[in-house]
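Work through the exercises below with the sequence and the model at hand. Try each task before reading its solution.

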Amino acid sequence: MRLAVRRVLTGLPGGGPVLVACSGGADSLALAAATAFVAPRLGRQAGLVTVDHGLQAGSAERAEAVADWARAEGLDPVEVLPVRVDGRPGGPEAAAREARYEALIAAAHRLDAVGVLLGHTRDEQAETVLLALARGAGPRGLSGMPERRDVDGVPLLRPLLDVPRADTRAACGALGLDPWADPHNADPAYARARVRADALPALVDALGPGVVANLARTAGLLAADNAALDALADAALADAALADARTREGGLSVAGLAELPAAVRTRVLHAWARELGATPAALSHSHVAALDALVTAWRGQGPVHLPGNHQVRRHAGHLLP
């Protein structure tokens, strides 16, 4: 655990603190303990933030208990972040995740943090890949969770993506820590809980214990491929062959798009749709496929409707918003 944290913290630029996002569960609690040990030895200030979603009885008291433990461990700054989940779009998991990340990013800005450490493990990466497979996701979804993702200028860092969940439990045991077991993690109403309790253990029984590491490694390999394709798409979107219409109504050249390999073209269309204002969370494969049909299967069809009340039409050899 400490080696994983040291690897991520070493060379992290900036003089501000690094924050550990800690729920009190075994993964994030072990991460916080490892960070409290490693960060001072690297000359890095480390703090902790814990989010109170307010979804369960006693959540405020549990959050305060985590904060009290963190202060006793020498972590500073330490904050409890109450959030409101009700009224947000999507299911309860998505709403809680959105509220949590908003609070973490806001806290990082307020505290001038150089990064936020998240306690996702190798097992969670494997679960993410299985869930993406079940949704029929492409390479972006199968890439799983990145080790680093910058959101509004804040690096979200996952030091434990190569660490099995069993090690976080063992670390808590070795340090005499008593982690909290979130009942949501075992609630079969949630897809991830069913994957954790049933699907992944069944794969391990059928294919051997190496399947978890192999799924996580597959995510890493796909992430590298996906990054390369995204770079090609970014270059193509800025290329003159596509940009000849961008000065007139912000469109794209159909001829330029048609010359691109399908894997690059669909990424260009996805990125362009987001530029137009399409809601990222609601922008799906079907939307991008419909845009692609305006290029590759043109039959005079009408405009494509994108989430966020945007439309794209084909006119005079161009896709136009």
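**Exercise 1. A pair of strands**

How many bridges join strand β5 (residues 148-151) to β6, and in which sense do the two strands run?

Solution. The model is a predicted one. Step 1: count the bridges; β5 and β6 are joined by four. Step 2: take the direction; the two strands run antiparallel. Step 3: pick out one pair; Asp150 has Pro155 in β6 as its bridge partner. Step 4: look at the turn. The hairpin of β5 and β6 has two residues between the strands, and Asp152 takes a positive phi near 50° there.

**Exercise 2. The two sides of β6**

State which residues of strand β6 (residues 154-157) point one way and which point the other way.

Solution. Step 1: recall the general rule. Side chains in a regular strand alternate between the two faces of the sheet. Step 2: apply the rule to the strand. Val154 and Leu156 point one way from β6, while Pro155 and Leu157 point the other way. Step 3: check the exposure; all of these residues are buried, that is, each has under 20% relative accessible area. Step 4: find another neighbour of β6. Strand β4 (residues 115-117) pairs with β6 in the parallel sense over two bridges, and Leu117 stands opposite Leu157.

**Exercise 3. The six-stranded sheet**

Give the strand order of the open sheet with six strands, and name its edge strands.

Solution. Step 1: write the order, which is β3-β2-β1-β4-β6-β5. The pairing in this sheet is mixed. Step 2: find the edges. β3 (78-82) and β5 each pair on one side only, and they are the edge strands. Step 3: give the twist; ignoring direction, neighbouring strands are turned by 25° against each other on average. Step 4: take one parallel pair from the sheet. Strand β1 (residues 18-21) pairs with strand β2 (residues 46-52) over four bridges in the parallel sense, and the bridge partner of Val20 in β2 is Leu48. Step 5: add the helices. Helix α2 lies across β1, β2 and β4 and runs at about 160° to β1. Helix α3 (residues 59-72) packs on the sheet and touches β2 and β3, with a direction at about 175° to that of β2.

**Exercise 4. Two helix pairs**

Which description fits the packing of helix α1 against helix α2: roughly parallel, roughly antiparallel, roughly perpendicular or oblique?

Solution. Step 1: read the geometry. Helix α1 (residues 2-9) packs against helix α2 (residues 26-41) at an angle of about 55°, and their axes are 9 Å apart. Step 2: classify the angle; α1 is therefore oblique to α2. Step 3: give the handedness; the crossing of α1 past α2 is right-handed. Step 4: list the contact. Arg2, Val5, Arg6 and Leu9 of α1 meet Leu31, Ala34, Thr35, Phe37, Val38, Ala39 and Arg41 of α2. Step 5: sort these residues by class; seven are nonpolar, one is polar and three are charged.

Now repeat the steps for helix α5 (residues 122-135) and helix α9 (residues 210-238). Their axes cross at roughly 70° and come within 8 Å, so α5 is roughly perpendicular to α9. Among the contact residues are Ala126 and Val129 of α5 and Leu215 and Ala219 of α9. The contact as a whole divides into eight nonpolar, one polar and two charged residues.

**Exercise 5. The second sheet and His310**

Find the strand that holds His310 and decide whether this residue is buried, partly exposed or exposed.

Solution. Step 1: describe the sheet of four strands. Its order is β7-β10-β9-β8, with antiparallel pairing. The edge strands are β7 (252-253) and β8 (304-306). Step 2: place the helix; α13 (residues 285-296) packs on this sheet, touching β8, β9 (310-315) and β10. Step 3: place His310, which is in strand β9. Step 4: use the relative accessible area. The value for His310 is 26%, so this residue is partly exposed. Step 5: list its contacts. Leaving out residues up to four places away in sequence, His310 touches Leu276, Gly277, Ala278, Val304 and His305. Step 6: compare sequence with space. His310 and Gly277 are 33 residues apart in sequence, and their C-alpha atoms are 7.4 Å apart.

Note on methods
Residues are numbered from 1 along each chain as its sequence is written. This is a predicted model: local features need pLDDT of at least 70, side-chain atom pairs count only at pLDDT 80 or more; totals for chains, interfaces and linings use all residues. Side-chain values use heavy atoms; hydrogens and water are left out. Buried means under 20% relative accessible area, exposed over 50%, partly exposed in between (1.4 Å probe, protein chains only). Two strands pair if DSSP finds at least two bridges between them. Axes are lines fitted to C-alpha atoms, for helices over the stretch in contact, and angles run from 0 to 180 degrees between N-to-C directions. Angles under 35 degrees count as roughly parallel, over 145 as roughly antiparallel, 65 to 115 as roughly perpendicular and the rest as oblique. A crossing is left-handed if the near helix is turned anticlockwise from the far one by less than a right angle, and right-handed if clockwise. Contact means heavy atoms within 4.5 Å. Ala, Val, Leu, Ile, Met, Phe, Trp, Tyr, Cys and Pro count as nonpolar, Asp, Glu, Lys and Arg as charged, and the others, Gly among them, as polar.
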